Amino acid sequence: MIIPCMGFVCPYWSSWKKEIRGIRYTSGYSCPLDRSTTVFSRKGYSCSLDLDIFQEREREGILYSIPVSNYSARCRFVIYAKEIPIEIHSPPAGLKSEEYLKINPLGKVPALWLVDNNITLFESEVINEYLIDKYMHVSPSFIPKTAEKRAIARLSSRIYDLYIGPYQYGLYRDVSMEERKHCLESGRRGLEVLERVIQATPFVAGERISLGDIAVFPSLIFWVYLAPRYYDWYPLEDLPKVSGWFHFMKTESSAAEKVYKEVIEGLETWEKNGRFERMGLKQRIS
Ligand SMILES: N[C@@H](CCC(=O)N[C@@H](CS)C(=O)NCC(=O)O)C(=O)O
């Protein structure tokens, strides 16, 4: 909820310094009586309060997630960007443990458990749809302004989920050479379709970040990291829109930077552990 600030007439201000969604506020004053907040940003004076953001809140749920997981990263992106008080935990006792299968019967991350009504959701896009619906009043909304742009956002995430994501395992799992080739070729075709669809102005569906950006961005990190290292393939080379958009997204916000770092660090750890060699990635594809 945004309420107008009454702080200037209130003697009970307490000062604070804070970084909110990547913007560093140099000083601010909170009033405990009317619970308003006056914010001084680098760009000058602004005056509003989002109660949900500024107040300390109890946890509202738990997201079961693994840092390297691109699908979990989609949901972490929304949680970080909106500063939602949802704790992030690893699956208890492993993905296929009895304990975790009670949370997500598919044995996959992410899953979201909600404190208030004891509901558990899974499937990253469903979780994100829930989060943007529930926290619609907290920006960024992740909802483009027009019906057409909202459709492009959905189309982008659908293209990833149906025509790129299902082949991602071929980048890093122990599969036959034929299967790997098939996956890389299918992923390449999916990326070409994405190039035709996204606007990249600067986001996939225009000037506002949307679920389309979040669905594709963390997953593309896998392709951009692994394909040149192991398959002499630069997947964004002939895709100017996807390439420009991806590089823009890496530093688009502190949420984007955090998610990027988490996924990259996960991939680097796998690499250092020799996981990719064990999975046969060093064998060149002819
Ligand atoms: N369609 C699912 C995909 C989730 C998924 O495949 N997660 C991976 C990690 S990124 C996983 O848990 N894999 C373990 C497995 O499939 O056994 C979603 O969007 O949440």
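**Exercise 1. The nonpolar core**

Determine which residues of the largest nonpolar core touch the most other members, and where this core lies.

*Solution.* In this predicted model, the largest nonpolar core contains 57 residues. Those that touch the most other members are Phe 77, Val 78, Ile 79 and Val 242. Next, consider the contributing elements: helix H8 (residues 211–231) provides the largest share of this core, 11 residues. Finally, consider the domains: the core lies between domain 2 (61–134) and domain 3 (147–278), because both give residues to it.

**Exercise 2. Contacts of one core residue**

State which residues Ile 79 touches, leaving aside residues up to four places away in sequence.

*Solution.* Ile 79 is one of the core residues that touch the most other members. With residues up to four places away in sequence not counted, its contacts are Leu 63, Ile 84, Ile 86 and Leu 131.

**Exercise 3. The ligand shell**

Identify the residues around the ligand and classify them as nonpolar, polar or charged.

*Solution.* First, list the shell: Ser 69, Asn 70, Tyr 71, Leu 95, Gly 107, Lys 108, Val 109, Pro 110, Glu 123, Ser 124 and Glu 125. Second, sort these residues, which gives 4 nonpolar, 4 polar and 3 charged. Third, assign helices: H2 (70–82) and H4 (124–134) each supply at least two residues of the shell.

**Exercise 4. A hairpin**

Describe how strands S9 and S10 pair, and find the bridge partner of Trp 113.

*Solution.* Strand S9 (residues 111–114) pairs with strand S10 (residues 119–122) in the antiparallel sense, over 4 bridges. The partner of Trp 113 is Thr 120 in S10. Between the strands of this hairpin there are 4 residues, and Asn 118 adopts a positive phi near 55°.

Conventions
Residues numbered from 1 in each chain as written. Predicted model: local features only at pLDDT ≥ 70, side-chain atom pairs only at ≥ 80, totals over all residues. Near = placed C-beta within 6 Å. Nonpolar A, V, L, I, M, F, W, Y, C, P; charged D, E, K, R; others polar. Pairing = 2+ DSSP bridges. Core = buried A, V, L, I, M, F, W, Y, C linked by C-beta atoms within 7 Å. Buried ≥ 20, exposed ≤ 12 C-beta atoms within 10 Å, placed from the backbone. Domains from an automatic or database assignment. Contact = placed C-beta atoms within 7 Å.
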